[in-house]
Amino acid sequence: MMQHPFPALTYLALWDWLNDDEEAVVISDSFLGGSAPLLQSLYLTHVAFPALPKLLLSANHLVDLHLRDIAHAGYISPEVMVASLSSMAKLQYFGLAFGSPHSRPSRSSQRPPPVIPTTLPALTRFRFKGVSEYVEDFMARIDAPLLCNIYLSFFNQLVFDIPQLSHVINRVESFNRLNATISFSSYGASVELSSEAHDRLLLEISCRQADWQLSSVVQFCGMSLHPISTSENLTVTIDSGNPRHLGRFDIEHSQWEELLHPFTNVKNLYLAEDVGPHIATALQGLVGESVTRVLPALQSLFIAGLEPTREAAGSFVAARQCLSRPVAIHWWEEERKTEYRFDESERELESEWESDLEVDD
Amino acid sequence: MITDFVGAGPLKVTIGSLPDEVLLEIFIFYQQGADYNKEEWITLVHVCRGWRYIVFASPLRLDLRLRVRGKIHTREMLDIWPALPIAISPSTSRLTRVPKITENVIAALGHRDRVCRITLAFHCPRPEIGKIFGNDAASISCTDIPRTLGLAER
């Protein structure tokens with residue numbers, strides 16, 4: 001029935017709720033007759049569609065492309081994916097989320113990116129979930145001059161080697177003086193840089209071990225990223241919902257110190273109640289020149305809760321005072337986040353689905 | 001009754017005396033504020049022949065669509081209404097409980113030139129998905145779809 005063309009189709013959403021990679025719905029090559037000339041929005045959730053690139057080549061009017069939880073059977077290489085987007089002058093949102101870390105570029109078949117990248121002139125929002133090798137290769141092949149909202153979610157991996165991605169991030173002009181928030185929780189860590197407007201860079205790493213979380217975040221923050229070095233407000237939080245998880249953050253002080261190093265322009269540091277002791281103790285341990293080398297522009301330290309945190313921070317403040325770099329300590333009433341961060345566009349999508357499917361005749 | 005205070009004094013007119021263009025603007029405003037799910041424009045076409053004419057004369061501006069959720073007999077519905085764009089969004093959780101849904105969705109998919117929107121969430125048995133996607137050409141395949149449906153297996 002759906003192997004014929006649907007010439008008036010502007011919106012297509014397919015969602016397999018079973019979400020089982022072994023039994024993923026696989027869409028055949030002949031789906032929609034291989035073309036969708038008027039399609040503006042395409043949402044595929046947990047389906048495998050190996051022939052999708054061919055369909056996308058015909059979808060020149062596409063504005064929103066959401067590929068979520070792609071089953072491994074539907075893996076599409078960065079090179080083929082970029083080629084399929086090459087004629088999409090109207091594409092504003094591109095979301096690409098793989099369901100498994102097995103979906104990754106093969107080193108043997110990987111070809112170097114072309115000298116002239118593919119321009120996606122209207123792309124403003126990019127969301128990715130997968131392995132860093134994929135996004136690195138993908139980013140090397142595109143030029144998206146209007147991109148200002150990037151959401152990256154990586155599966156657990158020990159080493160991130162993403163120079164191309166860093167280059168893309170550093171080229172976004174609006175990624176300047178954004179507010180930075182680093183969060184740790186029992187299921188992952190994130191670094192968010194955002195402004196009051198829609199400019200946003202969010203990196204998530206899925207891993208449960210606290211030391212790995214911290215190590216990943218340190219790696220990302222240490223990549224000489226312009227939005228990090230220009231950020232003036234930094235908030236660090238730990239989701240206190242899981243006490244066992246909290247205890248695991250008793251990590252050596254040098255790691256916490258290393259985390260703060262790249263934030264050379266931070267004036268205001270906000271420490272949530274559960275993370276305060278770790279960072280304040282790390283600051284307390286600074287001696288000599290390192291007292292001013294870490295957070296050199298810091299003016300105010302906002303601390304939520306615990307008295308020991310204030311005491312530890314007090315030693316750091318006194319040391320800074322001696323070096324004529326005063327830092328004021330303030331009480332901070334932390335605004336607890338009850339909900340895990342979730343991409344706004346995903347929330348809109350969920351709501352649209354509900355609206356479409358909830359009501360029966 | 002509409003009261004117009006512009007001019008010499010209050011002027012009372014009935015809504016029926018408003019020009020079609022003005023009524024259309026009112027309908028568009030009404031439609032924009034309506035719940036996407038409610039298909040409020042259907043109420044408008046039931047008011048009178050004149051309103052029905054205005055609504056059906058501007059399907060694009062009013063973004064008219066016939067929504068197929070599968071429970072109402074689609075062939076009958078499509079016979080009654082003008083050839084408006086079709087939006088298909090069946091309640092797939094009911095596919096097995098209400099056998100007619102699959103049949104009705106398939107009937108709507110038959111109007112390929114008019115289908116503008118398809119929303120399918122599969123939380124139904126795989127054979128039902130196979131029926132919707134077409135069991136003759138293997139446009140969709142799953143490991144657990146019986147061979148009797150003629151679908152290719154992975």
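Strands here are DSSP runs of E at least two residues long, and helices are runs of H or I at least four residues long, both numbered from the N terminus. The views below all come from a predicted model.

**A positive phi in strand 5 of chain A.** A:Asp69 sits in strand 5, which covers residues 64–70 of chain A. Its phi is near 50°, a positive value, and this residue isn't a glycine. As a rule, most residues other than glycine have a negative phi. Is A:Asp69 buried or exposed? Neither label quite fits: A:Asp69 comes out as partly exposed, because 18 other C-beta atoms lie within 10 Å, and being buried takes 20 or more.

**Another positive phi, at A:Arg177.** For this one we move to the loop between helix 4 (163–171) and strand 11 (179–185) of chain A. A:Arg177 is not a glycine either, yet phi is positive at about 55°. A:Arg177 counts as partly exposed because it has 13 C-beta neighbours inside 10 Å; with 12 or fewer, a residue would be exposed.

**Helix 3 of chain A, largely enclosed by the rest of the structure.** This helix runs over residues 132–140, and seven of its nine residues are buried, so the rest of the structure largely encloses it. Which residues of helix 3 are buried? They are A:Ser132, A:Tyr134, A:Val135, A:Glu136, A:Asp137, A:Phe138 and A:Met139. The cover over these buried residues includes helix 2 (78–85) and helix 4 of chain A, along with strand 8 (125–130), strand 9 (142–143) and strand 10 (149–154).

**Helix 8 of chain A, with buried residues on one face.** Helix 8 takes in residues 253–260, and its buried residues are A:Trp256, A:Leu259 and A:Leu260. Look down the helix axis and these buried residues fall within an arc of 95°, so they line one face of helix 8. Among the elements covering them are helix 5 (210–221) and helix 9 (276–284) of chain A.

**A:Ala312 and its contacts in chain A.** A:Ala312 belongs to helix 11, residues 307–322 of chain A. Because 22 other C-beta atoms lie within 10 Å, A:Ala312 is buried. Leave out residues up to four places away in sequence, and A:Ala312 touches A:Ala280, A:Thr281 and A:Gln284. A:Pro277 is 35 residues away along the chain, but its C-alpha is separated from that of A:Ala312 by 7.7 Å.

**A:Ile116, an exposed loop residue.** This residue is found in the loop between strand 6 (93–98) and strand 7 (118–119) of chain A. It counts as exposed because only 8 C-beta neighbours lie inside 10 Å. For a sense of distance, A:Ile116 and A:Ser315 are 54 Å apart from C-alpha to C-alpha, with their positions 199 residues apart in sequence.

**The largest nonpolar core, with members from chains A and B.** In soluble globular proteins, nonpolar side chains tend to be buried together. The largest core here has 124 residues, and those touching the most other members are A:Val47, A:Ala48, A:Leu271, B:Ile88 and B:Val115. What does B:Val115 contact beyond four places in sequence? In chain A, B:Val115 is in contact with A:Phe6, A:Ala8 and A:Leu9; in chain B, with B:Ile86, B:Ile88, B:Ala108 and B:Leu109. Another core, of five residues, lies apart from the 124-residue one, and B:Phe27, B:Trp41, B:Trp51 and B:Leu62 are among its members.

**The two domains of chain B.** The domain assignment splits chain B into domain 1 (1–64) and domain 2 (65–154). Where they meet, five residues of domain 1 are in contact with four residues of domain 2. On the domain 1 side, the touching residues are three nonpolar, two charged and no polar. The whole chain has six helices and six strands, in the order β-β-α-α-α-β-α-β-α-β-α-β. Of its 154 residues, 31% are buried.

**A low-confidence stretch of chain A.** Over residues 338–342 of chain A, pLDDT stays under 50, and the model has four contacts for this stretch beyond four places in sequence. Where pLDDT is low, the predicted coordinates should not be read in detail. For chain A as a whole, the mean pLDDT is 85, with 88% of residues at 70 or more. The chain has twelve helices and 17 strands, and 43% of its 361 residues are buried.

Technical notes
Residues are numbered from 1 along each chain as its sequence is written. Chains are lettered from A and ligands numbered from 1 in the order in which they are written. This is a predicted model: local features need pLDDT of at least 70, side-chain atom pairs count only at pLDDT 80 or more; totals for chains, interfaces and linings use all residues. The arc is that of the directions from the helix axis to the C-beta atoms. Two residues are in contact if their C-beta atoms, placed from the backbone, lie within 7 Å. pLDDT is the predictor's confidence in each residue, from 0 to 100. A nonpolar core is a set of buried Ala, Val, Leu, Ile, Met, Phe, Trp, Tyr and Cys residues joined through C-beta atoms within 7 Å. Domain bounds come from an automatic or database domain assignment. Ala, Val, Leu, Ile, Met, Phe, Trp, Tyr, Cys and Pro count as nonpolar, Asp, Glu, Lys and Arg as charged, and the others, Gly among them, as polar.
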